[in-house]
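Good morning, and thank you for attending. I would like to speak about contacts between domains and about pairs of charged side chains. Please look at the sequence and the model as they appear.

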Amino acid sequence: MDITAVNALPYEDFVNIFGNVVEKCPIITAAVWSRRPFVSLNALEAAISEFIDDLPESGKEGILRCHPDLAGRDLHSGTLTRESREEQARAGMDALSSGEASRMSRLNEEYKTRFGFPFVICARMNDKANILRQLTERCGNERAVERERGIEEVKKICRLRLQGLVLCDAPNKL
Ligand SMILES: NC(=O)N[C@H]1NC(=O)NC1=O
């Protein structure tokens, strides 16, 4: 799908195709549709980033709260979105040893209790060891630092999801 085809999409199709580039936040996709035409995929990504950056702190935290825990309940109950399932599987989150799983669960809870939103990291850019290390380290940060850090990770996840949709030849997605 090239950018001309993206720009030609009615909003229903645009939201159907791109609605989960930010996890469970189709409102962002619906909002940026009115910024068409995009000169490139980067311009679409930039429009999403700007929308997120313009949100108040509560909105940014709301985006983080739409993300499932890594190796959390949704993974075990099979209720992850397709995108998140693939990302978590690629980082080995579905194949943790019982020791790793309990450590991840304990740290995820500690993080959420401390900050009021879940730990978010771009799973496709990190392996299991790296995720556990970063989760441990980031538990020690300040809330404002983690809010911004989490949002940076959301943008990385978004970029890879957009690339997967637009750069791979997927006419059936239209
Ligand atoms: N909590 C969290 O980071 N979740 C996510 N990360 C990612 O790459 N996909 C997700 O669903």
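What you see is a predicted model. I begin with the polar contacts across the domain boundary: between domain 1 and domain 2, 4 residue pairs are in polar contact, with both residues at pLDDT 80 or more. On the side of domain 1 that touches domain 2, the element that gives the most is helix H5, residues 57-65, with 3 residues. By residue class, that side of domain 1 divides into 2 nonpolar, 1 polar and 5 charged residues.

Let me now place the two domains. The domain assignment of the protein chain gives residues 3-61 as domain 1 and residues 70-154 as domain 2. To their contact, domain 1 brings 8 residues and domain 2 brings 10 residues. Taken over C-alpha atoms, the centres of the two domains are separated by 24 Å.

How much area do domain 1 and domain 2 bury between them? The figure is about 850 Å², and 52% of it lies on carbon and sulfur atoms. Which residues of domain 1 lose the most area to domain 2? They are Asn20, Lys60 and Glu61, which together account for 55% of what that side buries.

I turn to the charged pairs. Side chains of opposite charge can pair when their charged atoms come close. Between domain 1 and domain 2, the count is 4 salt bridges. One salt bridge in the model joins the side chains of Glu61 and Arg147, at 2.9 Å from N to O. Another is formed by Lys60 with Glu148, where the closest N and O atoms are 3.7 Å apart. This pair links distant parts of the chain, since Lys60 sits in helix H5 and Glu148 in helix H10, residues 143-166, with their positions 88 residues apart in numbering.

Is Lys60 buried or exposed? Lys60 has a relative accessible area of 10%, and because buried means under 20%, Lys60 counts as buried. Its partner Glu148, at 34% relative accessibility, is partly exposed.

For the model as a whole, the count comes to 19 salt bridges. Two further examples deserve a place in this account. The side chains of Glu50 and Arg35 meet in a salt bridge at 3.1 Å, N to O. Glu50 belongs to helix H4, residues 41-53, whereas Arg35 lies in the loop between helix H3, residues 26-32, and H4; the two are 15 residues apart. Glu50 is partly exposed at 39% relative accessibility, and Arg35 is partly exposed at 43%.

The other example is Lys128 with Glu100, whose closest N and O atoms are 3.3 Å apart. Here, too, distant parts of the chain are linked: Lys128 is in helix H9, residues 128-138, and Glu100 is in helix H8, residues 98-115, 28 residues apart. Lys128 has a relative accessible area of 27% and is partly exposed. Glu100, at 22%, also counts as partly exposed, because that class begins where buried, under 20%, ends.

Which residues do salt bridges with shared partners join into one network? The network consists of Glu57, Glu61, Arg65, Arg143 and Arg147. Glu61 is thus a member of this network, and it is also among the residues of domain 1 that lose the most area to domain 2.

That concludes my presentation. Thank you for your attention.

Definitions and conventions. Residues numbered from 1 in each chain as written. Predicted model: local features only at pLDDT ≥ 70, side-chain atom pairs only at ≥ 80, totals over all residues. Heavy atoms only, no water. Domains from an automatic or database assignment. Contact = heavy atoms within 4.5 Å. Buried area = accessible area lost by both parts, 1.4 Å probe. Polar contact = N/O pair within 3.5 Å; in protein donor to acceptor, adjacent residues only side chain to side chain. Helix = DSSP H or I, 4+ residues; strand = E, 2+ residues; numbered from the N terminus. Nonpolar A, V, L, I, M, F, W, Y, C, P; charged D, E, K, R; others polar. Buried < 20%, exposed > 50% of the residue type's maximum accessible area, 1.4 Å probe, protein only.
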